[in-house]
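Please open the structure in your viewer, with the sequence panel beside it, and keep a selection tool at hand. The tour goes from one selection to the next and says at each stop what is found there.

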Amino acid sequence: MNNKEKQEFIEGLISGIDKATETKTRKNVYVYTTIPNKQIENIKKYTTAGWEVDKEFKTKTRLRLKKENKRLLVDKMWTLFASLGFDLLNQNQSIDISYDKKDNSRFETFDILAKDQESIVLVRCESVSKNTKSNFNDKLESLKEHIGEIRKTLSYIFDGAKLKFKFILATENYALSELDKLVLDKIGGVHFDEDIIEYYIKMHSQIGIAARYQLLGSLFFDQEIPEMDNKIPAIRGKMGGHVYYSFSIEPEKLLKIGYVLHRNKANTNMMPTYQRIIQKGRLDAINKFLEEDKGYFPNSIIISIDSGKKKKLEFQESSNICSTIADVGFLYLPKRYRSAYIIDGQHRLYGYANSKYKTTNTIPVVAFENLDRNEQVKLFMQINENQKAVSKNLRNTLNADLLWNSENYLEQMTALRSRIAILLGEDRASALYGKISVGEDKKVITTQQIDNAIKKSVFLGKVSKDKIEKYSVFYKGNLDLAFDKLSKFLLLSLDFLKDRLEDEWEKPDGIIVINKGIYSIIMILSDIIDHLVKVNEISERDNVNGIFEKVEKYLLPLVAFYKNVDEDTVGALKTAYGTGGDVKYWRTLQKTIREQYPDFNPEGLDEYLRKEEKVYNTKAFEYIREIETFFKMDFKEKLESHFGNNWFKKGVPLKIGEAATLLMYQKNREIEDESDECTEWDCVNIIAYREIALKNWQNIFEPFYTRPHEKKITGGKDAKTSWMVRLEKLRNQNFHSYYVTEDDYYFLEQLYDWLILKKDDVYE
């Protein structure tokens, strides 16, 4: 690269006003073009190609086209770096960088070059519309071969400046393959998926340009921060068996070396993590408190300082102060990115980030030296115990790391269950990816529900506090192996169901991907494993693929069930709440499998069905009595209102009237007191009401006795009153055999709610 080529390269970079203008353009999801109105054919050409009219002016028309997925991703990343204070970026959609000093035509292409005073970042973006496993090996191998020369080219372009360097592979909807991860690691690059990108975008929206420190800490971990003044007065002491330092420091200085271990997908490679995401509302309140109210925080920020590999923090004791239980002197902070982890006080610290006092005020700090990450988690939990409640989901998430190395087997199992729940929600290959609440993310499924299901399953045998009481197919005493084996089995099983139930799985108001749905599926998988063990088809010696092959056939009845489930059953499962709702759903799946495989007989199913039938019978009997009483009153009122005093003769079909008159005569012959005698109307049975309704359908009963969801069905009045036929059969069954199914019970419950309680949303 000669001087002219070097100059041309630099001219392709923008900063200042040009950067601000380009940022505005890249933030827009559309690209625009303007065409004179007289060029009608040209306008048609564009609209045929997918462009749409944005605005029509007197002499010209502005058209727009939504950016393709990759360009949207590139522009999002470009805008992020621009927003975080990188002062030089490429202007065009891509930039070529030569890896051959003598031949500038040999180059690698990048989507983004972002440079600040200390660092330079190169980014490539890859995007697809649907989850896909990556195959970037050829591209990454080529880059691995040339990356060293590219760095030399950049050093030459920027006059030998000692810039920190990082390559980022930014992806959308890609699950990175193990091979791609390996090559990327050899390059010294990092992977940003859409979750990580959104994390930094959210961080910027919350704390502004101060989010830059979090990004730099991640990209350049352990690399030196040049020209940092790291000598501060401090007191050294011991607390809880740990060395700590107490000092005051300017917020800006701590921001540079600080890092917050947010419980977020951006930090999954640094487990365990424990912090809540920073809240903008709290930051705004803190900033106002500092700026307008002249406020201050006397309580200390708690941090852990990572002194580096096999090192201790340098502390120079003062010779002018008498010896005490604590030492006074000068502490030399590490001059490295991400060397101070913020355990408590992130809002107080970042509240200073955009304050005029960030370099003129000092804040009190208590810094532990090389505090183990699990100890950090424990300290965070203790500090927050009496403050804002740590949510169940966050506590479950923290337990995955906090309890993993416990000597207590019960605590180990808690950690194992939590870690599996996290993997199911965070692994892009999982059918539940992005659907489980991990940390404080609010999603459809809670980690608590996953935990409950695995805890009640047979997957992990049985343990007490200090011993393993029973091994299982998935657990033989080794926690890591159990995690690998059980998580793989669950991934395979859930993926099997999702592949065959794609529409039902993704349906927003469906019954599969809800708490009790996933709970029940995990429980039914446990039942299948238990059954296969009992019939000696699988054992703990089998690998996961072999186990899953035996399980597959038992999942097919579930696929058929979800594909053909009727509205009544959907309603019954959805409206069954609490622990009883979970059990109801789970037992429904058990019953579904047993209908196809009679030898599948999970413990407790028969007893549950017997109890369920008895409960349904009692309540169903009440519903039928109430509905029959309602018919007697309501039909009479409507017939009287329409026909007057002759309502029985004119409104009741002849055969029904004759049968009722005969029955009245027979009953009254046995009654001595005339006041106790019945009328013809008292002797009309439940099926007769349908005949009465059919005779007077259009004039009287149609608006009142057509179920709301059946108003547009074909078949006329016969179809619209068929529910009365089912009701009569149930009435007879209820009286004679005392057996009511779950579906029939739900049918009666809906009728009761619609007819008697007048609920409008029964059939929605």
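In what order do the strands of the open sheet of 6 strands stand, and is their pairing mixed? Before selecting anything, please note that this is a predicted model. The order in that open sheet is β1-β5-β8-β9-β10-β11, and the pairing is mixed. If you colour β1 (13-14) and β11 (190-192), you mark the edges of the sheet, where each strand has a single partner, so one side of each is left without a neighbour in the sheet.

Next, select strand β8, residues 112-115, and show its side chains. Ile 112 and Ala 114 point one way from the strand, Leu 113 and Lys 115 point the other way, and all of them are buried. Add strand β5, residues 88-90, which pairs with β8 in the antiparallel sense over 2 bridges; here Leu 88 has Lys 115 as its bridge partner. Then add β9, which also pairs with β8 in the antiparallel sense, this time over 4 bridges, and which is joined to β8 by a hairpin through 3 residues. Along this pairing, Ile 112 stands opposite Val 123, while the bridge partner of Ala 114 is Val 121.

Keep β9 selected and look for enclosed empty space. Rolling a probe the size of a water molecule over the atoms shows where empty space is left. With a threshold of 30 Å³ or more, the count comes to 1 cavity, and the volume of the largest cavity is about 40 Å³. To see its lining, select Arg 124, Glu 126, Phe 136, Lys 139, Leu 140, Phe 167 and Leu 169. These lining residues divide into 4 nonpolar and 3 charged, with no polar ones, and β9 (119-133), α5 (137-157) and β10 (164-175) each supply at least two of them.

From the cavity lining, move to Val 183, which is found in helix α6, residues 178-187. Is Val 183 buried or exposed? Its relative accessible area is 3%, and it counts as buried because that value is under the 20% cut-off. Leaving aside residues up to four places away in sequence, Val 183 touches Asn 137, Leu 140, Glu 141 and Lys 144, and Leu 140 is one of the residues that line the largest cavity. A distance label between the C-alpha atoms of Val 183 and Phe 136 should read 9.4 Å, although 47 residues separate the two in sequence.

Now select strand β2, residues 30-36, together with strand β4, residues 60-66; the two run antiparallel and are joined by 7 bridges. In this pair, the bridge partner of Val 31 is Leu 65. Adding strand β3, residues 52-56, brings in a further antiparallel pairing with β4, over 4 bridges, in which Glu 52 stands opposite Arg 64. There are 3 residues between β3 and β4, which form a hairpin.

Move on to the open sheet of 8 strands, whose order is β14-β18-β15-β19-β13-β12-β17-β16 and whose pairing is mixed. Its edges are β14 (258-259) and β16 (314-317), each with a single partner strand, so one side of each is left without a neighbour in the sheet. Within this sheet, zoom in on β15, residues 301-305, and β18, residues 340-344, which run antiparallel and are joined by 4 bridges; among these strands' facing residues, Ile 305 has Ala 340 as its bridge partner.

The last stop concerns the nonpolar cores. In soluble globular proteins, nonpolar side chains tend to be buried together. Which residues touch the most other members of the largest nonpolar core? Select Phe 459 and Phe 489, which have that place among the 67 residues of the core. The elements giving two or more residues to this core are α14 (409-426), α15 (447-456), α16 (479-500), α18 (515-534), α19 (544-564) and α21 (578-596). Centring the view on Phe 489 and ignoring residues up to four places away in sequence, you will find that Phe 489 touches Phe 459, Phe 474, Leu 525, Ile 529, Val 544, Ile 547, Phe 548 and Val 551. A second core, separate and made of 64 residues, can be located by selecting Leu 255, Tyr 259, Leu 333 and Tyr 352, which are included in it.

Methods. Residues numbered from 1 in each chain as written. Predicted model: local features only at pLDDT ≥ 70, side-chain atom pairs only at ≥ 80, totals over all residues. Heavy atoms only, no water. 1 Å grid on protein atoms, 1.4 Å probe; cavity = no way out; pocket = protein on both sides within 12 Å on 5 of 7 lines; lining within 4 Å. Points joined across faces, edges and corners; volume = space filled by probe spheres on them. Nonpolar A, V, L, I, M, F, W, Y, C, P; charged D, E, K, R; others polar. Core = buried A, V, L, I, M, F, W, Y, C linked by side-chain atoms within 4.5 Å. Buried < 20%, exposed > 50% of the residue type's maximum accessible area, 1.4 Å probe, protein only. Contact = heavy atoms within 4.5 Å. Pairing = 2+ DSSP bridges.
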